[in-house]
Amino acid sequence: MTGYVTAITLVLVSCCAVPIAYGYNSPIVISKDPSSSQVNIMIHAPDFNSNSYSIDTIGEDGSSIIVSTRESSIPYRLVETGPDTGDFAGYVILSSTTSVCSPVCGPTDGFLAAGGDDAVTVSFTYAGGHTISASSDDQRSYLNPSAIPELPYAGFGLFVGMVSLILVYRVSFIH
C-alpha cells in the first residue's frame, strides 16, 4: 500500500509543479497562453504553507489577491500546487464580461473583463497591509514562454493530492 501512495504523490508533483520563470525575481509570475484567453498566475509564498501535509490556499482569511485589467478587477484565491510546496497557482479567463465573485473567485473559475491588449495585474496583500504586485506587461521581456507550463491538470492534481493524503492518513491510522 505504501508504494501505491508514493506513486500517486509522484504523479501529483510531475503534473502540477510550476517552475518560476528564469531571470525574474518577483514571487508573482503571470503568463498568458497565446492560443487562448487563459492567464496563468503563480505566487511563490512559502510563508503561507501553513500545513506541510495538506494543500493550502491564499487570497482569503487574512490575505487578499486582486486580479485586474483596465476594465475590471476581481478578488481571487489561489491553491497550493501540492502539499508543502509554497507555490500557489490558478488561472483567470479574459472575457468581455466579468464574473460575479461571491465573495472570492478562484483558483480556476474567474472571468475577467479585458480589452484587446490589456495587461493583467496581480496584487497580493498579506499581514500588516504589505502588498506585492506584478503585471503581465512587466514580465513580457523576462518570460520564456516554455518556462511556465499551462495548468490544465491543476484540478486533477488537487484531486490526486487529496486522495493521496487520505490514503496516507488511513495507512498510518491502521498501523
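## A strand-rich chain and its salt bridges

Arginine 70 counts as exposed, at 64% relative accessibility; here exposed means over 50% relative accessible area, buried means under 20%, and partly exposed lies in between (1.4 Å probe, protein chains only). The model is a predicted one, in which local features need pLDDT of at least 70 and side-chain atom pairs count only at pLDDT 80 or more, while totals for chains, interfaces and linings use all residues. Residues are numbered from 1 along each chain as its sequence is written, and side-chain values use heavy atoms, with hydrogens and water left out.

**Salt bridges**

Let's stay with that arginine for a moment. Arginine 70 forms a salt bridge with aspartate 118, with the closest N and O atoms 2.4 Å apart. The pair ties together parts that are 48 residues apart in sequence, because aspartate 118 sits in the loop between β8 (110–113) and β9, whereas arginine 70 sits in the loop between β4 and β5. In contrast to the exposed arginine 70, aspartate 118 counts as buried, at 7% relative accessibility.

A salt bridge here is a side-chain nitrogen of Lys or Arg within 4 Å of a carboxyl oxygen of Asp or Glu. Side chains of opposite charge can pair when their charged atoms come close. The structure holds 2 salt bridges, and one of them joins the side chains of glutamate 60 and arginine 77, at 2.9 Å from N to O. This pair links distant parts of the chain, 17 residues apart: glutamate 60 is in the loop between β3 (57–58) and β4, and arginine 77 is in the loop between β5 and β6 (78–80). Glutamate 60 counts as partly exposed, with 26% relative accessibility.

**The overall fold**

The protein chain has 3 helices and 10 strands. These are DSSP runs numbered from the N terminus: helices are H or I with at least four residues, and strands are E with at least two. Reading from the N terminus, the order is α-β-β-β-β-β-β-β-β-β-β-α-α. Of the 175 residues, 43% count as buried. The chain exposes about 9,500 Å², of which carbon and sulfur atoms supply 58%; such areas come from the Shrake-Rupley method with a 1.4 Å probe, and for residues only the protein chains shown count as cover.

Contacts (heavy atoms within 4.5 Å) often span long stretches of sequence here. Among those with a separation of 6 or more, 65% are between residues 24 or more positions apart.

**The nonpolar core**

A nonpolar core is a set of buried Ala, Val, Leu, Ile, Met, Phe, Trp, Tyr and Cys residues joined through side-chain atoms within 4.5 Å. The largest one has 22 residues, and Ile43, Ile65, Val67, Tyr76, Leu78 and Val122 have the most contacts inside it. At least two residues of this core come from each of β1 (28–32), β2 (38–44), β4 (64–68), β5 (73–76), β7 (87–95) and β9 (121–126). Setting aside residues up to four places away in sequence, valine 122 touches a list of residues including Ile28, Ile41, Ile65, Val67 and Ile132.

**Around β9**

Two strands pair if DSSP finds at least two bridges between them. β4 and β9 are antiparallel partners over 5 bridges; in one of these, serine 68 is matched with threonine 121 of β9. β9 also runs antiparallel to β10 (residues 130–135), with 6 bridges joining them, and phenylalanine 124 has isoleucine 132 of β10 as its bridge partner. The β9–β10 hairpin has 3 residues between its strands, and glycine 128 there takes a positive phi near 75°.

**Loop details**

The loop between β7 and β8 holds cysteine 101, as well as proline 107. Glycine 106 and proline 107 are joined by a cis peptide bond, with omega about 5°. Cysteine 101 is in contact with Ile74 and Pro75, leaving aside neighbours within four places in sequence. Cysteine 101 and isoleucine 74 are 27 residues apart in sequence, yet their C-alpha atoms are 7.1 Å apart in space.

Aspartate 61 has a positive phi of about 50° although it is not a glycine, and aspartate 84, also a residue other than glycine, has a positive phi near 65°. Here are the accessibilities of three loop residues:

| Residue | Loop | Relative accessibility |
|---|---|---|
| Aspartate 61 | between β3 and β4 | 78%, exposed |
| Aspartate 84 | between β6 and β7 | 45%, partly exposed |
| Cysteine 101 | between β7 and β8 | 18%, buried |
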